[in-house]
Amino acid sequence: MRSKIAAGNWKMNKTYSEGMELVEALKNGPQAGGDDWVILGTPAIHLKDAVTATQDMPRMKVAAQNCHYEASGAFTGELSVSMLQSIGVQCVILGHSERRQYFKETDEVIAKKVKAVIDGGLTPIFCCGEPLHIREEGWHVRFVKGQLEKGIFGLSAEDFSKLVIAYEPIWAIGTGVTASTEQAQEMHGELRKLIADKYGAEMADATSILYGGSVKPSNAAALFSQPDVDGGLVGGASLKAETFIPIIEAMNDQA
Ligand code: PGA
């Protein structure tokens, strides 16, 4: 089932009390309807209490921003899927370009994480997207195709049906520069074609593909109105209720 999703990625922002204030503000705001979701990608310190605070919010989920692929062991500083699962976290953002760039996560490591998250019964939000020079050179579709092939196309159809994809062109993340609606739709359409070629048209149609990269209240409606854009993964604008709520509303308006 293809859902519309407004997902916030708080990254390394917000003290405990600041984060919980934002959760409360969003609880009092508009909710997703039908099969759609609002997802809060919080830092680790907020996860448990964000889950508890949103327990009565049927269309809200909480996401971690990373996890390890091993079940347990000597991996200082890391969190396992079963740890996240044990506190009720439902999703994990994986393969974000900041994880790839600053923490040297490779496609192979990300693929292992995706599999571990699915095996643990959680939903991976798999991020992909090209750097600026590759877009300028004109092979962005081929680049992202490679990320999909290495990151998620090894999955069985059953496993694949459990994930969400986020297309986040790196040149648009945190820069204020957004992909145009045409650029977003072009890539999302290509992604859906690649999924159709690999897993069939029904799977392609059922997969939620989010756009990420400087989504804000002023551009969310236009981006989300594209036929293959199923919502957004939102960084900066998810940090304040005043800017995230209009984005949730823009998603709801498309439903
Ligand atoms: P941004 O971040 O909305 O601040 O560009 C998006 C993301 O990195 O997920």
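Helices (H or I, at least four residues) and strands (E, at least two) are DSSP runs, numbered from the N terminus. The structure is a predicted model, in which local features need pLDDT of at least 70 and side-chain atom pairs count only at pLDDT 80 or more, while totals for chains, interfaces and linings use all residues. Residues are numbered from 1 along each chain as its sequence is written, and side-chain values use heavy atoms, with hydrogens and water left out.

**Exercise 1. Place Thr42 in the fold, and determine whether Thr42 is buried or exposed.**

Step 1. Thr42 belongs to the loop between β2 (37-41) and α2 (44-53).

Step 2. The relative accessible area of Thr42 is 1%, so Thr42 is buried. Buried means under 20% relative accessible area, exposed over 50%, and partly exposed in between (1.4 Å probe, protein chains only).

Step 3. Contact means heavy atoms within 4.5 Å. With neighbours within four places in sequence set aside, Thr42 is in contact with Trp10, Leu47, Ala50, Ala63, Ala64 and Gln65.

**Exercise 2. Locate Gln90 and state which residues it contacts.**

Step 1. Gln90 lies in the loop between α3 and β4 (91-94).

Step 2. Its relative accessible area is 34%, and therefore Gln90 counts as partly exposed.

Step 3. Leaving aside neighbours within four places in sequence, Gln90 is in contact with Met60, Lys61, Val62, Leu122 and Thr123. Of this list, Met60 is 30 residues from Gln90 in sequence and 9.9 Å away in space, C-alpha to C-alpha.

**Exercise 3. Identify the side chain with which Asn66 makes a polar contact.**

Step 1. The loop between β3 (60-64) and α3 (81-86) holds Asn66.

Step 2. Asn66 counts as buried because its relative accessibility is 16%.

Step 3. A polar contact is a pair of N or O atoms within 3.5 Å; within protein, one must be able to donate a hydrogen and the other to accept it, and residues adjacent in sequence count only if both atoms are side-chain atoms. The side chains of Asn66 and Lys113 are joined by such a contact, of 2.7 Å.

Step 4. Not counting residues up to four places away in sequence, Asn66 also touches others, including Glu78, Leu84, Arg99 and Glu105.

**Exercise 4. Describe the surroundings of the ligand.**

Step 1. There are 13 residues around the ligand, and Lys11, His96, Glu168, Gly174 and Ser214 come nearest. A residue is near a molecule if one of its heavy atoms lies within 4 Å of it.

Step 2. Oxygen atoms of the ligand lie 2.7 Å from a backbone N or O atom of Ser214, 2.8 Å from a polar backbone atom of Gly236, and 3.5 Å from an N or O atom in the side chain of Asn9.

Step 3. On its own the ligand has 280 Å² of accessible area, of which the protein covers 95%.

**Exercise 5. Name the residues that touch the most other members of the largest nonpolar core.**

Step 1. A nonpolar core is a set of buried Ala, Val, Leu, Ile, Met, Phe, Trp, Tyr and Cys residues joined through side-chain atoms within 4.5 Å.

Step 2. The largest core has 68 residues, and Ile152 and Phe160 touch the most other members. Helix α12 (residues 241-254) supplies its largest share, 7 residues.

Step 3. A second, separate core of 13 residues includes Trp37, Ile93, Cys127 and Val164.

Conventions: Areas by Shrake-Rupley, 256 points an atom, 1.4 Å probe, with all protein chains shown as cover.
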